[in-house]
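Okay, thanks for squeezing me in. I'd like to walk you through one sheet, strand by strand, so let me put it up on the screen.

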Amino acid sequence: LMSLLRMERDSVLASLPVARIVDAVDRVANRFLDRADALRYRAVEMLGAFAGFSTPMAEAVLDGMARGWMREGLWDLVRSDFADPTVLDGFRPGVAGDANRAIGFPLAFHMGAGTVPGVATTSMIRSLLVKSALVVKPGLGDIPLPILFARGLEEEDPELTRCLAVVYWPADESGRTATALGEADLVVAYGSDKTISWIQRRIPPHTPQRAYRPRLGFGLIGKEALRREETPSSGPALSQSGRRAAAAAARSVALFDQKGCVSPHVFFVENGGTVSPEEWAGLLAEELEGLEKELPSGEVSLESGAALQQLRGEAELLGAAGRGVVYHGGRSAPWTVLFFPEDDVEPSCLNRTVRIVPVERIQDGLSSLR
């Protein structure tokens with residue numbers, strides 16, 4: 001398969017104008033955004049089945065990802081690396097009187113993470129933009145989108161799909177992965193530190209790698225957003241900015257059910273506002289509860305559910321001892337907000353679980369992260 005893709009790249013993809021690739025990808029992206037298109041219907045259905053998202057969440061995730069695959073965003077992406085994108089099509093005059101051309105790796109192997117749908121598709125699109133043939137091995141939770149995108153691309157521009165393959169195999173078939181790693185001119189990998197280390201030990205010394213490791217998202221809430229305003233009729237009331245900050249924070253936690261690489265796990269909230277960090281934690285809990293109607297939480301695995309129940313139980317014991325407070329959705333929803341000033345910063349157990357850490361200055365939060 002990889003030998004065939006390499007040949008197709010030389011005979012087909014290398015000579016296609018980058019504008020044609022952008023246009024084809026844009027047409028498929030618009031189909032994912034079209035509620036009347038069967039491709040979108042199938043994508044939403046499969047996101048629920050494989051990623052465990054509720055239907056509203058699947059639609060929100062698909063909308064967010066597909067907007068990033070549209071024409072304007074693609075050209076912005078290409079121009080961020082190439083001031084003149086046509087260097088991908090042939091030699092162009094350089095600033096010193098020379099001639100320049102950009103050529104992608106002939107064959108790339110992409111290994112996606114299983115937690116965030118759409119990442120493997122984005123990686124596939126980026127490879128095509130620099131005219132690299134590719135094999136995509138998506139993670140278990142991200143199988144449908146790259147397959148459906150490739151099928152849409154085949155309908156819009158069949159020549160492009162002669163240069164790509166989406167193939168899934170279980171993680172225990174390590175021999176197949178090692179073979180692919182050995183055949184590729186570039187390896188792009190998303191995953192845990194353990195996965196990335198395993199890959200690095202099996203890549204030939206001359207093969208370049210682009211590794212995307214786990215990340216921990218966070219938020220900073222300044223005291224300016226935590227103030228009360230006097231109203232003539234009702235006395236002190238929370239400012240609209242404070243409520244907006246809580247609403248924005250809740251949505252950023254809820255999207256992807258907190259499985260995104262930049263989903264916040266912790267918010268550092270500055271002291272000194274007329275609304276305290278503890279009060280703001282309560283506001284965040286209210287917003288997360290409200291989002292259960294608009295973007296219901298998806299399925300929670302047995303392992304995640306057990307970790308969440310243990311976390312809540314420990315937090316409730318600490319709360320009873322006066323060391324903090326925990327808010328959560330009980331049995332009906334997995335969201336959890338923890339306010340324990342003496343807690344260390346650490347990754348949460350996901351499923352909309354977030355810690356609130358009070359700080360004297362915003363910069364103190366950055367020091368804690370370091």
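Quick bit of vocabulary before we look: I'll call two strands paired if DSSP finds at least two bridges between them. And keep in mind that this is a predicted model.

With that in hand, here's a bridge to start from: Val 266 has Arg 355, in E14, as its bridge partner. Zooming out from that pair, E11 and strand E14, residues 353–359, run parallel and are joined by five bridges.

Now, what about the strand E8, residues 217–221? Five bridges join E8 to E11, and this pair runs parallel too. If you want a place to click, Gly 217 sits opposite Pro 264 in E11.

So is E11 mostly covered or not? It's mostly covered: that's residues 264–270, and seven of the seven are buried.

Okay, the whole sheet. It's open, it has five strands, and the order goes E8-E11-E14-E13-E12, with mixed pairing. At the edges you've got E8 and strand E12, 325–328, each pairing on one side only. Going from one strand to the next, the twist averages 20°.

Over at the E12 end, we get an antiparallel pair: E12 and strand E13, residues 336–339, joined by four bridges. Look for Val 326 there, whose bridge partner in E13 is Leu 338.

Last thing: what lies across these strands? That's helix H12, residues 277–294, which lies across E8, E11, E12, E13 and E14. Against E13, H12 runs at about 175°.

That's my tour, happy to rotate the view for anyone.

Definitions and conventions:
Residues numbered from 1 in each chain as written. Predicted model: local features only at pLDDT ≥ 70, side-chain atom pairs only at ≥ 80, totals over all residues. Heavy atoms only, no water. Buried < 20%, exposed > 50% of the residue type's maximum accessible area, 1.4 Å probe, protein only. Helix = DSSP H or I, 4+ residues; strand = E, 2+ residues; numbered from the N terminus. Axes fitted to C-alpha atoms, helices over the stretch in contact; angles between N-to-C directions. Contact = heavy atoms within 4.5 Å.
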